[in-house]
Amino acid sequence: MTQTLLRATGVARRYGDVEALAPTDFELAEGEAVALVGPNGAGKSTLLAILAGAIEASEGVVDARASIGWVPQRPAHYARLSARENLELFARLEGVRDATAAAARLLERFSLPREERPSGELSVGNRQRLNVALSLLAEPRVLLLDEPTASLDPGQRRRVWEVVNALRSDGGAACFATQNLEEVEHADRVLVLEDGRLVSTSVEEVFE
Amino acid sequence: MSAVALLLRKDLTVLRRSPLLLAALLAYPIVIALLVGLVAGYASSKPRVAWVDEDNVPAVVQVAGHRFHVQTIINEVSSNVTLVRMSADEAARELSSGKVVATITVPSGFVGTLETAARSPSLVLRTGKGALASRVTQQVQALVYQLNRQLQGVFIKANLVFVQLLLHGGKGSFLGRQFTVLGLDGTERLLAGMPPGKRVRAIRDFVRDARIGLAQTGTALKATAHPILLRQPKDKGRSWVLSAQVQSYGIALTVTFLALLLAAGAAAAERDEGTVGRLRRGLVSFGQLVWSKVALAAVVGVALGAGIAVVFGIVVELGGVTGGEPWGRIPLLLVGVALAAAVVGAAGALLGALAREARTASLLAVLVVLPVVFLGLVPRDALAFAYWVSEALPFAHAVRWFGAALYDASPWRTLGEQTAWLLGIGGVLWGLARLSMRRLAA
């Protein structure tokens, strides 16, 4: 019997009078991959940020039963620090025992530059890879990815899906937002959001 | 290492890698401090005052037999104001427009009354209603005091002439009338030619007592005119540029400027770089985020404050200024700098959270810091409202803290009071910044 790793009940987010996300239920079980699709402003990023704990829900409850890694849509790291320094800083903040080793391992895994160049000067692709690498520092069982392949070349995209698949095969789970419908093939389930509301769970409807 | 320490180290690294920003942050407040000092020094030294002469005072006035060169005396005694001769109409116009801060009128008949040496003529002072009125009144009072001092000497000499007449007898004049006085000497001579008796003895005793009493009149008159004399030995004192107050203001202004801009920029930058969401995921609380910006302001403030104090001290020592630089008090000063910078840092974190974007936060910080600093420079008797507003802000308390730490013989009471103020203000600002951090994460 599969275990539920992440569950959200009635989570919603409002900014003043604007409802960014209507009350939504969500569940993610071990070994599972869920795709969030929908147009810009549909509420995908808001839902992922709430599930990740990056923003507070206006209402509803998130029950996380496993460690979570979060890849925000826009790379979130300090532009004047190098890739290594960013990885080491966030590893220490995450409480990783050997931050230096963890940073070195992820630099290697994602082929990130080892020189002390500020990460703000890296290519868009490298910055996005650093963004993904930062989410893996604490070796999470659940990965939440917000359009992770948007600025990557085909080789780099493949590497991201390899990370997701490896996580799933290790008993973890992933939920990713995408606007590229071809990427839905990496998911077991699809949730379609529109105007902040969950409107469908059918892959067929997405393609229609 | 704690989350606050990790973020502080990150912010210091980022700052070190922005040399242009760092140089601007250091240079700008120092330049502002110098400019404020120059303006303050100029403003406090020479207010412009109109001199209205309705009596056509001649170049030379004779009082009690002494000749006074009027312009020379005015130049000597008006070191604190710039006196500008003008007509009554012109003076009234310039006073209403604020071109002069006061008018002094010499009314018709002034010199005539003065020359009698019997009554006191009046000068008429009119001031505007601005913040400088009370200070100008004090300076004109000082000017009249200096004039009176010069005239008192002459009046005393004139009065002593009458005392000498009473003692020794002779011819004198008063208000143009000539008269002859017998004097005590003449009285004694007359008494010597009279047959001895009880009445003659009584008159002789009176003459002796009167002679003793009158002999002390000169000293008594001088003491009455100047109960207290102020002696000013020639010494190598401090110029205003090196004064304790300027040092306190300079450090406070520089640290306030730097701490506010730095903390505001650093807080808003967390949102610009998108890292606040990552940090919020259980890695760093909002309170820790504020503390990290407060610590950044305090650390950089202490480094800058120490640098300014050392440079100032070297200038003072090289100049051989009396009192020298209180080197032993520098560590105490730096405690205050850390406290003040931390409080201002909390204000900066608040601004950064409200602005939500580094460039806006920096602009907002510059807009806020200037009135905060200038309010702190307004004296209490100049504009009470501004004074009380500045009491609710950290700058004025920082100035008092620094001044007491460096130069007060017993600074602890002042330091205690100002520390309490700073902690109170800092607590409120920290709480507001902590609440406002939600805006960064939204």
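Chain B has 17 helices and 8 strands. The model is predicted, and the exercises below walk through parts of chains A and B.

**Exercise 1. Burial and contact range in chain B**

Task: find what share of the residues of chain B count as buried, and what share of its contacts between residues at least 6 apart join residues at least 24 apart.

Solution.
- Step 1. Chain B holds 442 residues, and 42% of them count as buried.
- Step 2. Take the contacts in chain B between residues at least 6 apart in sequence; 72% of these join residues at least 24 apart.

**Exercise 2. Helix H2 of chain A**

Task: check the length of helix H2 (residues 83–94) of chain A against 1.5 Å a residue, then work out which of its residues are buried and what covers them.

Solution.
- Step 1. H2(A) has 12 residues, so at 1.5 Å a residue the expected span is 16 Å. The C-alpha atoms at its ends are 16 Å apart, in agreement with that value.
- Step 2. Now turn to accessibility: 9 of the 12 residues are buried, so H2(A) is mostly covered.
- Step 3. The buried residues are Ala83(A), Glu85(A), Asn86(A), Leu87(A), Glu88(A), Leu89(A), Phe90(A), Ala91(A) and Leu93(A).
- Step 4. Both chains contribute to the cover, which includes helix H3 (99–109) and helix H4 (124–135) of chain A, along with helix H1 (3–16) and helix H11 (275–280) of chain B.
- Step 5. Look just past the end of the helix: Gly95(A) takes a positive phi of about 80° there.

**Exercise 3. H2(A) against H1(B)**

Task: classify the packing of H2(A) and H1(B) from the angle between them, and name the residues that make the contact.

Solution.
- Step 1. The two helices pack at an angle of about 165°, and their axes are 10 Å apart.
- Step 2. Angles over 145 degrees count as roughly antiparallel, and that makes H2(A) roughly antiparallel to H1(B).
- Step 3. The crossing of H2(A) and H1(B) is left-handed.
- Step 4. From H2(A), the contact uses Leu89(A), Arg92(A) and Leu93(A); from H1(B), it uses Ala3(B), Leu6(B), Leu7(B), Arg9(B) and Lys10(B).
- Step 5. Sorted by class, the contact of H2(A) with H1(B) has 5 nonpolar, no polar and 3 charged residues.

**Exercise 4. A second helix pair, within chain B**

Task: do the packing analysis for helix H13 (residues 330–355) and helix H17 (residues 412–441) of chain B.

Solution.
- Step 1. H13(B) and H17(B) pack at about 25°, with axes 7 Å apart.
- Step 2. Angles under 35 degrees count as roughly parallel, so H13(B) and H17(B) are roughly parallel to each other.
- Step 3. Their crossing is left-handed.
- Step 4. By class, the contact of H13(B) with H17(B) has 20 nonpolar, 4 polar and 1 charged residues.
- Step 5. Pick out one residue of H17(B), Gly431(B). At 26% relative accessibility, Gly431(B) counts as partly exposed.
- Step 6. Gly431(B) and Val290(B) are 141 residues apart along the chain, while their C-alpha atoms are separated by 9.3 Å.

**Exercise 5. Two buried residues**

Task: locate Val71(A) and Asp11(B), and list their contacts beyond neighbours within four places in sequence.

Solution.
- Step 1. Val71(A) sits in strand E5 (residues 68–71) of chain A. With 0% relative accessibility, Val71(A) counts as buried.
- Step 2. Beyond those sequence neighbours, Val71(A) touches Gln128(A), Asn131(A), Val132(A), Ser135(A), Leu144(A), Leu145(A) and Asp146(A).
- Step 3. For a link back to H2(A), take Glu85(A), one of its buried residues. Val71(A) and Glu85(A) are 14 residues apart in sequence and 18 Å apart in space, C-alpha to C-alpha.
- Step 4. Asp11(B) lies in helix H1 of chain B. Its relative accessible area is 8%, so Asp11(B) is buried.
- Step 5. Outside its sequence neighbours within four places, Asp11(B) is in contact with Ala266(B), Glu270(B), Lys293(B) and Leu296(B).

**Exercise 6. Positive phi outside glycine**

Task: describe phi, location and accessibility for Ser111(A) and Asp195(A).

Solution.
- Step 1. Start with the background: most residues other than glycine have a negative phi.
- Step 2. Ser111(A) has a positive phi, near 50°. Ser111(A) lies in the loop between H3 and H4 of chain A and is partly exposed, with a relative accessible area of 42%.
- Step 3. Asp195(A) also is not a glycine, and its phi is positive at about 50°. Asp195(A) belongs to the loop between strand E8 (189–194) and strand E9 (197–200) of chain A.
- Step 4. The relative accessible area of Asp195(A) is 62%, so Asp195(A) is exposed.

How values were computed. Residues are numbered from 1 along each chain as its sequence is written. Chains are lettered from A and ligands numbered from 1 in the order in which they are written. This is a predicted model: local features need pLDDT of at least 70, side-chain atom pairs count only at pLDDT 80 or more; totals for chains, interfaces and linings use all residues. Side-chain values use heavy atoms; hydrogens and water are left out. Helices (H or I, at least four residues) and strands (E, at least two) are DSSP runs, numbered from the N terminus. Buried means under 20% relative accessible area, exposed over 50%, partly exposed in between (1.4 Å probe, protein chains only). Contact means heavy atoms within 4.5 Å. Axes are lines fitted to C-alpha atoms, for helices over the stretch in contact, and angles run from 0 to 180 degrees between N-to-C directions. Angles under 35 degrees count as roughly parallel, over 145 as roughly antiparallel, 65 to 115 as roughly perpendicular and the rest as oblique. A crossing is left-handed if the near helix is turned anticlockwise from the far one by less than a right angle, and right-handed if clockwise. Ala, Val, Leu, Ile, Met, Phe, Trp, Tyr, Cys and Pro count as nonpolar, Asp, Glu, Lys and Arg as charged, and the others, Gly among them, as polar. The expected span of a helix is 1.5 Å times one less than its number of residues.
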